[in-house]
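Open the model in your viewer and keep the sequence panel visible beside it. This tour goes from one selection to the next and says what is found at each stop.

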Amino acid sequence: MRSLLILAVIAVAFGVQAHDAPTGWRYDPYCCNGDGMTGDCQMIPSRTVKVVEGGFLITLEPGDHREITRNHVFMMPQRKTMRSPDGAFHLCLFPNEDTPRCFYAPDMDF
């Protein structure tokens, strides 16, 4: 967590700007690169996310995220998952489609 804070401070110091999610909230500067049209953060369909023990299993196909060109399966631990304020799932991939940088999930009612 401390390293995320340090990277966020560096990003702000060097003028890196986070872009907005489609519903208007801003992705964390550490997570996103680019803008709303070319950035690596994007809302993903809820059908691609399955709650599993310890986190989330994300199964993506081309078209589910602008960076995805082939099928991918990612396991995102609960401890690294960030809160999505709009009730949707969002995934940031950087520096390539093989590397999930940040994952945002809505509050879960169990």
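In what order do the three strands of the open sheet with antiparallel pairing lie? The order is β2-β3-β4. Before selecting these strands, take in the whole chain.

**Stop 1: the whole chain**

Show everything as a cartoon. This is a predicted model. The chain has one helix and seven strands. Read from the N terminus, the elements follow the pattern α-β-β-β-β-β-β-β, with the helix ahead of the strands.

Now switch on the surface. The accessible surface is about 6600 Å², and carbon and sulfur atoms hold 56% of it. The chain has 110 residues, and 35% of them count as buried. Among contacts with a separation of 6 or more, 40% are between residues 24 or more positions apart.

**Stop 2: colour by confidence**

Colour the chain by pLDDT. The mean is 84, and 82% of the residues reach 70 or more. Next, select residues 1-16. Here pLDDT stays under 50, and the model has six contacts for this stretch beyond four places in sequence. Where pLDDT is low, the predicted coordinates should not be read in detail. Hide residues 1-16 if they distract you.

**Stop 3: the sheet of three strands**

Select β2, β3 and β4, which form an open sheet with antiparallel pairing. The edges are β2, residues 49-52, and β4, residues 72-77, and each of these pairs on one side only. From one strand to the next, the twist averages 20°. Strands of a sheet pair through backbone hydrogen bonds, either parallel or antiparallel.

Keep β4 on screen together with β3, residues 55-60. Six bridges link β3 and β4, in the antiparallel sense. For one position to look at, pick phenylalanine 56: its bridge partner in β4 is methionine 76.

**Stop 4: the sheet of four strands**

Clear the selection and choose β1, β6, β7 and β5. These make an open sheet in the order β1-β6-β7-β5, and the pairing is mixed. The edge strands are β1 and β5, each pairing on one side only. Neighbouring strands in this sheet are turned by 30° against each other on average, direction ignored.

Follow the pairings of β6 on both sides. Strand β1, residues 41-44, is joined to β6 by four bridges, and the two run antiparallel. Glutamine 42 has leucine 91 as its bridge partner in β6. Strand β7, residues 100-105, is also joined to β6 by four bridges and runs antiparallel to it. On that side, cysteine 92 stands opposite cysteine 102. The connection from β6 to β7 is a hairpin through six residues.

**Stop 5: strand β6**

Show the side chains of β6 only. How many residues of β6 are buried? Five of the five are, so β6 is largely enclosed by the rest of the structure. Turn the strand to check each face: Phe89, Leu91 and Leu93 are on one side, while His90 and Cys92 are on the other, and all are buried.

**Stop 6: histidine 90**

Select histidine 90, which lies in β6, residues 89-93. Is histidine 90 buried or exposed? It counts as buried because its relative accessible area is 0%, and buried means under 20%.

Show the residues around it. Leaving aside residues up to four places away in sequence, histidine 90 touches several others, including Ala21, Pro22, Trp25 and Tyr27. Among its contacts are also Gln42, Met43 and Ile44, as well as Cys102, Phe103 and Tyr104. Then draw a distance to aspartate 86: the side chains of histidine 90 and aspartate 86 make a polar contact at 3.0 Å.

**Stop 7: serine 84**

Stay with aspartate 86 and add serine 84. These two side chains make a polar contact at 2.7 Å. Serine 84 is in the loop between β5, residues 81-83, and β6. With a relative accessible area of 2%, serine 84 is buried.

Extend the view to alanine 88. The side chain of serine 84 reaches the backbone oxygen of alanine 88 at 2.6 Å. Beyond four places in sequence, serine 84 touches Trp25, His90, Tyr104, Ala105 and Pro106.

To finish, display serine 84, aspartate 86 and histidine 90 together. Aspartate 86 has a side-chain polar contact with serine 84 and another with histidine 90.

Note on methods:
Residues are numbered from 1 along each chain as its sequence is written. This is a predicted model: local features need pLDDT of at least 70, side-chain atom pairs count only at pLDDT 80 or more; totals for chains, interfaces and linings use all residues. Side-chain values use heavy atoms; hydrogens and water are left out. Buried means under 20% relative accessible area, exposed over 50%, partly exposed in between (1.4 Å probe, protein chains only). Contact means heavy atoms within 4.5 Å. Accessible areas come from the Shrake-Rupley method with a 1.4 Å probe; for residues, only the protein chains shown count as cover. pLDDT is the predictor's confidence in each residue, from 0 to 100. Two strands pair if DSSP finds at least two bridges between them. Axes are lines fitted to C-alpha atoms, for helices over the stretch in contact, and angles run from 0 to 180 degrees between N-to-C directions. A polar contact is a pair of N or O atoms within 3.5 Å; within protein, one must be able to donate a hydrogen and the other to accept it, and residues adjacent in sequence count only if both atoms are side-chain atoms.
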